[in-house]
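Visitor: I'd like to walk through this model and hear the reasoning behind the labels. Can we take it one label at a time?

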Amino acid sequence: MNPPITSSAAAHAPVAEPVDTVDTVDTVDTEKPPPPAAAVSLTRTGSVLHARLNPSTQDDDVLSSAVLDALIAVLDGLHEQPDIQILVLSSLGEDFCLGADRREYQDALADDPTGTTLRRLADKAHRLCQALENTHAVTIARLHGRVVGAGLALAAHCDLRAGADTCRFRMPEIGLGLAPAWGGAMGRLITEAGAARIRELMLTCDEFDAPTAHRLGLLHKVAPLDQLDDAVTAWTRPLARRSPQALVLTKRMLAGYAKAARTSDTALLDSHLLAAQLAQPR
């Protein structure tokens, strides 16, 4: 290994020949390409972590495997960050979320007709929703625009949900020829809003608005879009002052009672149901 060049050694070091850059200046690329955008944008303020879905990284405001991987990584990372007490989930797109990436499912099935690859993709949804339900952080969904299918399931797995008064919700799976099998959504939605109304909305695929979602318990707060951040902050400020131990214990208790209400949780079957149905000839 060469010894480090000291100030005295540097004085006797050979001087490099000057380089004529006149002829090469036009061939040197001084602009580096910008780094690729992340599927989920993260910012932190004190004990509050904001995770924003970033649809600019794909073709649409959908939950692709890249988005699922990014969200799972965020939630897994919270295990090493107990000082983060609150996670706010929102979107940078025109809509919160338009559902699962069905094109990705079809491509997976075309590449692997056995359905194994598709089941792995669908299992990510279950892992994500379980991580949302089980993380120590209080999770808040900030919703705007359209909240469709898997997007509604994702929001429903958050502890608290605030939506703009212009939000529109829909569960379109049956209309698309699919069972509502994404991340254990059916059990969670029934627990949150009741079997009778969820049955109606799933079977009819009817669109419903923010006031209806509020009446059902799918939204805890409704606010004009320009006041939605204030509505979320009205939660995060007092939550950040609460005892972390009390928050975690209360969240665990609430999750336990909610799961006890689902005497038979078939969420682990969702990926198999989806793969089997998509694999059927039409």
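Visitor: Why does Cys-205 count as buried?

Guide: Bear in mind that this is a predicted model. Buried means under 20% relative accessible area, and Cys-205 comes in at 9%, so the label fits.

Visitor: Where is Cys-205 found, and what is its phi?

Guide: Cys-205 is in the loop between helix H7 (195–204) and E8. Its phi is positive, about 60°, although it is not a glycine. Most residues other than glycine have a negative phi.

Visitor: On to the rings. What makes Phe-169 and Phe-208 an aromatic pair, and why is it called stacked?

Guide: The structure holds 1 aromatic pair, and Phe-169 with Phe-208 is that pair, at 5.4 Å centre to centre. Ring centres have to lie within 6.5 Å, so the distance passes. Planes under 30 degrees apart count as stacked, and here the angle is 15°, so stacked it is.

Visitor: Why say that this pair ties parts together?

Guide: Because Phe-169 lies in strand E7 (residues 168–170) and Phe-208 in strand E8 (residues 208–209), which puts the two parts 39 residues apart in sequence. Both Phe-169 and Phe-208 are buried, too.

Visitor: How do you know that the length of helix H4 agrees with what it should span?

Guide: H4 covers residues 116–134, which is 19 residues, and at 1.5 Å a residue it should span 27 Å. The C-alpha atoms at its ends are 27 Å apart, so the two values agree.

Visitor: Which residues of H4 are buried?

Guide: Among them are Leu-118, Leu-121, Ala-122, Ala-125, Leu-128, Cys-129 and Leu-132, along with Lys-124 and Glu-133.

Visitor: What makes Arg-188 and Glu-133 a salt bridge?

Guide: A side-chain nitrogen of Lys or Arg must come within 4 Å of a carboxyl oxygen of Asp or Glu. For Arg-188 and Glu-133 the N to O value is 3.2 Å, so they qualify. Arg-188 lies in helix H6 (residues 185–193) and Glu-133 in helix H4, so the bridge ties together parts 55 residues apart in sequence. Arg-188 counts as buried because its relative accessibility is 7%, and Glu-133 counts as buried at 4%. A search of the whole structure finds 8 salt bridges.

Visitor: Why is Asp-229 called partly exposed, and what about its partner Arg-142?

Guide: Partly exposed runs between the 20% and 50% cut-offs, and Asp-229 has 45% relative accessibility, so that's its label. Arg-142 is buried, with a relative accessible area of 15%. Their side chains meet at 2.7 Å, N to O.

Visitor: How do you know that Lys-251 and Asp-159 form a salt bridge?

Guide: Their closest N and O atoms are 2.8 Å apart, against a limit of 4 Å. Lys-251 lies in helix H10 and Asp-159 in the loop between helix H5 (150–156) and strand E6 (160–164), so this bridge ties together parts 92 residues apart in sequence. Lys-251 counts as buried at 6% relative accessibility, while Asp-159 is partly exposed at 24%.

Visitor: Last one: why does Tyr-257 count as exposed?

Guide: Exposed means over 50%, and Tyr-257 has 63% relative accessibility, so it counts as exposed. Tyr-257 is found in helix H10 (residues 244–261). With Leu-249 and Met-253, Tyr-257 forms a nonpolar patch on the surface, with about 370 Å² of accessible area together.

Notes:
Residues are numbered from 1 along each chain as its sequence is written. This is a predicted model: local features need pLDDT of at least 70, side-chain atom pairs count only at pLDDT 80 or more; totals for chains, interfaces and linings use all residues. Side-chain values use heavy atoms; hydrogens and water are left out. Patches are made of residues with over 30% relative accessible area and no salt bridge: like charges are joined within 9 Å, nonpolar side chains (Val, Leu, Ile, Met, Phe, Trp, Tyr) within 5 Å. Accessible areas come from the Shrake-Rupley method with a 1.4 Å probe; for residues, only the protein chains shown count as cover. Helices (H or I, at least four residues) and strands (E, at least two) are DSSP runs, numbered from the N terminus. Buried means under 20% relative accessible area, exposed over 50%, partly exposed in between (1.4 Å probe, protein chains only). Rings of Phe, Tyr and Trp (its six-membered ring) pair if their centres lie within 6.5 Å; planes under 30 degrees apart count as stacked, over 60 as edge-to-face and the rest as tilted. The expected span of a helix is 1.5 Å times one less than its number of residues.
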